[in-house]
Amino acid sequence: MSLKIVVLAKQVPDTRNVGPDAMTPEGTVNRAALPAVFNPEDLNALEQALRLKEQFPGSTISVVTMGLPKSAEVIREALYRGADEGYVITDRCLGGADTLATSYTLSQAIRKIGAFDIILGGRQAIDGDTAQVGPQIAEKLGLTQVTYAEEILKLDPVAKKIVIKRHIDGGVETVEAPLPLVVTVNGSAAPCRPRNAKRVMKYKNATAPAERTPEQVDAMAEMLAKKPYLNITQWGAAEIDADPAQIGKTGSPTNVKAVKNIVFKAKESRTMTDSDADVEGLIVELLESNTIG
Amino acid sequence: MNNVFVYCEIEGNTVADVSLELLTKGRKLANTLGVQLECICAGYNLGDVEKQVMPYGVDKVHIFDAEGLFPYTSNPHTALVVNLFKEEQPQICLMGATVIGRDLGPRVSSSLHSGLTADCTQLEIGDFEMNVKNAEGEMVKKQYTQQLYQIRPAFGGNIVATIVNPEHRPQMATVREGVMKKEILDANYKGEVVKHDVAKYVPETEYVVKVLDRHIEKAKHNLKGASIIVSGGYGMGSREGFDMLFELAKELHAEVGASRAAVDAGFADHDRQIGQTGVTVRPKVYIACGISGQIQHIAGMQDAGIIISINNDPNAPINTIADYVINGTVEEVVPKMIKYYKKNSK
């Protein structure tokens with residue numbers, strides 16, 4: 001029995017390491033200084049997919065991302081690690097989408113890809129930290145969901161059932177759910193395996209049409225005739241039959257009214273050294289004021 | 001109709017603190033709007049669960065009590081919330097930004113096509129105007145009054161965004177535990193109790209996920225209620241590095257917290273994380289050891305009474321909000337603090 005697996009991936013600015021150079025002198029975020037990365041928890045999801053593929057030979061992994069043309073980088077990264085094919089959903093009219101419009105768009109893309117047994121994605125993306133797109137896709141496709149997944153313990157393709165260990169507040173839970181379904185995976189799940197050198201050689205020239213410069217088009221057409229797997233499928237809103245009222249900014253119920261940079265009010269602070277006298281002085285002061293004790 | 005709703009999270013038959021905090025906030029929002037506060041309690045063998053929520057000023061408690069509603073699974077709870085909301089048409093719905101709230105909220109919002117804002121740190125009512133397209137397709141200014149401002153940090157906590165959803169109801173938001181304050185309004189507050197026929201709201205076909213096994217551990221610490229917190233960052237260097245923080249915490253009767261960087265590096269357990277994506281704390285004293293002070297961390301501890309920063313980088317951002325800055329390595333300073341505390345405390 002082989003499985004059809006869909007993995008949701010997102011390219012995100014790396015907000016984890018917002019260093020001094022990532023802030024402008026005015027204290028605003030310098031987005032250009034933040035590298036674009038594979039959303040970390042989506043890599044954990046990819047690893048779960050790769051394990052299923054090992055367990056059920058002949059299974060295929062399709063990776064789907066929505067974003068700018070350059071987000072095809074995450075598709076290549078997934079191909080290097082063992083995914084079989086990729087889809088970039090990119091279109092100007094998809095810009096400004098909130099989680100609901102995003103989940104609608106991705107659910108339309110998944111419908112177009114066709115039959116699947118399981119959809120895996122990271123629990124949340126580090127740019128928004130909302131954890132909403134996975135459950136919303138499940139709802140749009142009429143599927144159930146298992147969020148905060150830690151490990152797939154068992155999958156029975158005949159009975160169409162899956163057993164998953166997941167985190168809950170203050171504990172863990174093991175659940176059994178029917179296939180197909182949506183599973184979102186935690187960052188504490190098994191880390192993704194590294195790139196495979198042979199696959200890097202095989203897929204390094206894989207591109208989505210929007211990534212190709214006019215000069216590359218002819219050479220690429222020639223290469224694709226021999227190696228069709230180097231094409232990363234690119235779809236716009238029309239290709240996935242998206243309802244214009246449900247995509248992009250128009251399809252987003254939430255609006256950003258205001259954005260402000262956080263500036264913490266600096267306090268009057270007392271600076272001291274690590275000398276015995278200074279540390280003891282501080283402890284004595286805190287004890288005398290009953291702050292500690 | 002058009003009231004404020006809170007989805008109450010229930011473990012066994014105990015309502016979670018985060019839900020009681022949201023009822024407190026919900027009561028205030030309802031007062032501002034001049035509407036009622038209602039809540040949903042769904043589970044199994046709930047007993048007189050209404051007694052736990054009523055003192056927070058709940059005007060109507062919707063009870064769904066049936067086998068299969070506990071432990072929580074996504075589909076049945078989504079069905080009952082969605083079907084109840086179709087009847088009741090709430091204008092605001094609040095949920096905890098917990099595993100359950102973050103599983104349920106998005107499904108409900110998708111089903112009702114309403115906007116949902118995750119992990120809000122402030123909720124306010126206000127007016128604004130926005131450019132919208134009129135029937136002729138021209139952009140015109142439209143006024144909106146008494147809308148829910150959903151205020152949340154974004155972009156790793158480096159900016160704060162105010163989100164509104166003017167054209168869709170309910171306006172949905174999740175809030176983390178500890179962000180809002182829980183306050184009893186009136187111990188004798190009397191609201192209405194409605195016990196719903198669960199089968200009318202949840203078709204049998206929705207019970208698709210089976211919980212085979214479940215372990216809830218009692219929290220190993222009480223970070224939220226601690227009056228002193230000793231917290232470590234990436235600068236602690238290792239899990240072993242945290243040992244001295246536990247030692248200092250033991251002396252001070254304090255709890256040990258950690259920054260996201262320290263947790264991500266595996267130096268401390270996830271449940272000790274303080275910050276926007278962890279616990280929000282308001283201790284009397286906060287001792288930050290080797291924490292640089294990314295905004296996402298500061299967001300979760302800036303309301304501490306006294307902040308002491310120990311850092312060998314004099315320019316660490318956390319120093320700007322600290323009351324005391326000790327320039328030095330944690331390896332030097334923390335043992336000295338233990339030593340001089342022992343010497344001077346009695």
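The following paragraphs lead through a predicted model, from one sheet to the contact between chains A and B.

The sheet is open and consists of 10 strands with mixed pairing, in the order β11(A)-β5(A)-β4(A)-β1(A)-β6(A)-β10(A)-β7(A)-β8(A)-β9(A)-β13(B). At its edges stand β11 (233-235) of chain A and β13 (210-216) of chain B; each has a single partner strand, so one side of each is left without a neighbour in the sheet. On average, neighbouring strands are turned by 30° against each other, direction ignored.

Within this sheet, strand β1 (residues 4-8) of chain A runs parallel to strand β4 (residues 60-66) of chain A, and five bridges join the two. V7(A) has V63(A) in β4(A) as its bridge partner. Helix α2 (residues 72-81) of chain A packs on the sheet, where it touches β1, β4 and β5 (85-89) of chain A. The direction of this helix makes about 170° with that of β5(A).

The two chains also meet through a broader set of contacts: 67 residues of chain A are in contact with 75 residues of chain B. Elements of chain A that each supply at least two residues to this side include α3 (99-113), β7 (144-156) and α7 (276-288). The largest share, eight residues, comes from β9(A). By class, the side of chain A that touches chain B has 28 nonpolar, 23 polar and 16 charged residues.

A further strand pairing links the chains: β12(A) and strand β10 (residues 159-164) of chain B run antiparallel, joined by six bridges. Here A258(A) stands opposite T162(B) in β10(B).

Chain B is assigned domain 1 (4-206) and domain 2 (228-345). The centres of these domains, taken over C-alpha atoms, are separated by 35 Å.

Note on methods
Residues are numbered from 1 along each chain as its sequence is written. Chains are lettered from A and ligands numbered from 1 in the order in which they are written. This is a predicted model: local features need pLDDT of at least 70, side-chain atom pairs count only at pLDDT 80 or more; totals for chains, interfaces and linings use all residues. Two strands pair if DSSP finds at least two bridges between them. Helices (H or I, at least four residues) and strands (E, at least two) are DSSP runs, numbered from the N terminus. Axes are lines fitted to C-alpha atoms, for helices over the stretch in contact, and angles run from 0 to 180 degrees between N-to-C directions. Two residues are in contact if their C-beta atoms, placed from the backbone, lie within 7 Å. Domain bounds come from an automatic or database domain assignment. Ala, Val, Leu, Ile, Met, Phe, Trp, Tyr, Cys and Pro count as nonpolar, Asp, Glu, Lys and Arg as charged, and the others, Gly among them, as polar.
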